[in-house]
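User: I'm new to reading protein models and would like to zoom in on one part. Could you take me through one small sheet slowly, and then show me what lies around it?

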Amino acid sequence: MIRYVIVGAGIAGTSAAEEIRKCDQEGEITLIGEEEHALYSRVLLPHYIKGKIPREKCFLKREAWYDEQRIEYLRGERVESIDTAHRHVVLKIAGRELPYDKLLITTGGEPSSINADVRGISYLQTLDDADHLLQLLGELAGKHDARAAVCGGGFIACEYLNIFKHFGIPTTCFHRGPWFWSRVLGEESGRLIESVLKREDVEVWPQTTLADISAKGGSGSAGHGSIQVETTNGLARADLLGIGIGLGRDLRWIQKSGIEVEAGVRTNSFLETSVEGVWAAGDVAEFDDPLTGHAMMGGNWMNAIMQGRTAGKSMVGERTEFRLVTSYATNIFGTEIIFIGDTRRALADEVRVEGTAGEGAVTQRFYDSGRLVGATMVGTNKDRMKLAKEIENT
Amino acid sequence: MKLKIKVDPDLCIGAASCVTIDPATFQLNDENIAVVLDHGSEPGGRVYEREMEVSEDEYETILLAAQSCPTLAIFIYDEAGDQVFPEA
């Protein structure tokens with residue numbers, strides 16, 4: 001009987017557990033997660049915050065599912081270290097060793113945080129974060145001069161802007177780059193997004209970072225009514241500050257165990273780490289992408305679920321290469337934003353731009369040695385599937 | 001077996017996981033919302049809901065596609081009209 005241990009109970013880890021159980025009825029599966037909840041969809045959190053769905057509809061697995069599948073789910077638990085020589089992990093809360101035959105690391109990432117303890121600051125990764133944001137929004141109900149600020153220029157910033165608009169709260173958005181996703185989008189795409197924000201009366205402060213945050217009138221003042229957000233571009237008053245400045249990965253405890261890490265846990269295209277019997281999948285993995293020949297990090301839903309399934313298959317002995325043209329879509333005030341494949345401008349030899357901000361639709365194509373490896377679309381989804389196919393087949 | 005497959009366009013965000021897993025059953029329309037196909041074809045046009053006859057294997061793929069949807073926007077009903085996914 002094989003003992004499978006999966007560290008990280010998000011969509012990658014849970015998908016792996018499900019896949020393992022499908023193929024191995026006998027094995028002992030332990031899933032270790034930091035959160036207390038059954039699996040839920042982080043992608044649904046904005047729907048929940050905006051009241052489009054009730055809280056219970058965020059859940060992807062019923063509580064009973066874990067028992068039915070004979071998956072032992074250790075909640076509110078962390079792994080402190082891995083002993084790859086003797087094949088066990090050390091549980092931090094329980095303070096005991098847990099042996100494994102096959103180990104999967106799916107610990108994902110943590111939102112980069114700012115160093116300030118002021119009420120009214122929000123992050124948006126977990127269900128608990130969403131509950132907290134709803135509480136803060138509830139406290140602002142009926143406050144006519146309420147204002148919000150968003151720190152960041154990426155997917156989470158878009159979610160905050162959509163949410164604050166939904167609640168009718170005027171918003172200032174500041175970000176470090178000249179425009180949103182400046183490592184991915186060129187000027188034409190960037191200007192298009194900026195014009196969409198301005199059209200909806202968002203005050204946009206590009207090339208601006210956070211300098212300091214304080215509670216107005218010092219700590220202990222009533223409620224979270226006012227945060228003084230000092231930026232490199234001046235002072236923004238906000239009752240609510242949404243932070244979306246990227247994802248960090250805690251790799252030190254993994255590195256200490258002798259597993260190779262770089263920006264993430266390094267794996268080959270089979271999601272195998274440098275140590276035998278250990279796989280990695282999802283946001284934490286930095287894998288060799290057979291489609292581009294480059295190391296890639298995921299960071300989206302589709303990548304996480306597909307890698308989880310692939311790793312699960314491999315762990316039961318059906319060694320499977322991970323091949324996927326990843327893609328992610330969001331929208332800002334109804335304007336589509338779609339990323340497909342490898343969209344790192346720094347790695348591309350050439351980025352071809354089609355359309356203009358004025359036309360309301362811009363497509364970028366990323367080439368590496370003459371091959372199409374990625375694409376972005378803002379304000380359009382025309383050719384999305386054609387481009388995905390072309391990236392996959394070239 | 002006979003199935004009814006439905007996409008809720010209010011929930012769909014165009015993540016396209018379903019299209020990646022089962023392009024014969026799901027495609028995106030011009031609004032970037034998933035529509036339901038019958039074995040790659042679209043009799044009656046681009047619709048969010050369709051009844052069709054599928055094999056066991058095809059059903060497995062359709063279920064996998066629905067399970068991979070990050071917003072649970074895909075609903076599957078059996079011949080009796082009972083919802084088989086998401087489990088209510």
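Analyst: Here is a walk through one sheet of chain A, followed by its wider setting. Keep in mind that this is a predicted model.

Let's begin with the sheet itself. It's an open sheet of three strands in chain A, in the order β18-β20-β21, and the pairing is mixed. At the edges you'll find β18 (265-267) and β21 (295-297), each of which pairs on one side only. From one strand to the next, the twist averages 30 degrees.

What does "mixed" look like up close? Strands of a sheet pair through backbone hydrogen bonds, and they can do that in a parallel or an antiparallel way. On one side, β18(A) runs parallel to β20 (residues 285-288) of chain A, with three bridges. To find this pairing on your screen, look for A:Thr267, which stands opposite A:Phe287 in β20(A). On the other side, β20(A) and β21(A) are antiparallel, again over three bridges. A handy marker there is A:Glu286, whose bridge partner in β21(A) is A:Met297.

Now follow the chain from β20(A) round to β21(A). These two strands form a hairpin with six residues between them, and in it A:Gly293 has a positive phi near 80 degrees. Most residues other than glycine have a negative phi. Chain A does have exceptions to look up, though. A:Trp181 isn't a glycine, yet its phi is positive, near 50 degrees. You'll find A:Trp181 in the loop between β11 (171-174) and α6 (187-199) of chain A. Another is A:Asp201, with a positive phi of about 65 degrees, in the loop between α6 and β12 (203-205) of chain A. Are these two buried or exposed? A:Trp181 counts as buried because 23 other C-beta atoms lie within 10 Å, and the cut-off for that is 20 or more. A:Asp201 counts as exposed because it has just 9 other C-beta atoms within 10 Å, where the cut-off is 12 or fewer.

Time to step back and look at the whole of chain A. The chain is divided into domain 1 (3-109 + 249-315), domain 2 (112-243) and domain 3 (327-393). The C-alpha centres of domains 1 and 2 of chain A are 31 Å apart. Where these two domains of chain A meet, ten residues of domain 1 are in contact with eleven residues of domain 2. The domain 1 side of that meeting place has six nonpolar residues, one polar and three charged.

There's also a nonpolar core to explore. The largest one has 136 residues, and those touching the most other members include A:Leu104, A:Ala281 and B:Cys18. Helix α5 (residues 155-166) of chain A gives the largest share of this core, eight residues. If you click on A:Leu104, you'll see that among the residues it touches are A:Ile6, A:Trp279, A:Ala281 and A:Met315, leaving aside residues up to four places away in sequence.

Last stop: the neighbouring chain. In all, 16 residues of chain A are in contact with 17 residues of chain B. On the chain A side, the elements giving two or more residues are α8 (301-315), β22 (327-332) and α9 (384-393). That side divides into eight nonpolar, four polar and four charged residues.

Terms used: Residues are numbered from 1 along each chain as its sequence is written. Chains are lettered from A and ligands numbered from 1 in the order in which they are written. This is a predicted model: local features need pLDDT of at least 70, side-chain atom pairs count only at pLDDT 80 or more; totals for chains, interfaces and linings use all residues. Two residues are in contact if their C-beta atoms, placed from the backbone, lie within 7 Å. Helices (H or I, at least four residues) and strands (E, at least two) are DSSP runs, numbered from the N terminus. Ala, Val, Leu, Ile, Met, Phe, Trp, Tyr, Cys and Pro count as nonpolar, Asp, Glu, Lys and Arg as charged, and the others, Gly among them, as polar. Two strands pair if DSSP finds at least two bridges between them. Axes are lines fitted to C-alpha atoms, for helices over the stretch in contact, and angles run from 0 to 180 degrees between N-to-C directions. Domain bounds come from an automatic or database domain assignment. A nonpolar core is a set of buried Ala, Val, Leu, Ile, Met, Phe, Trp, Tyr and Cys residues joined through C-beta atoms within 7 Å.
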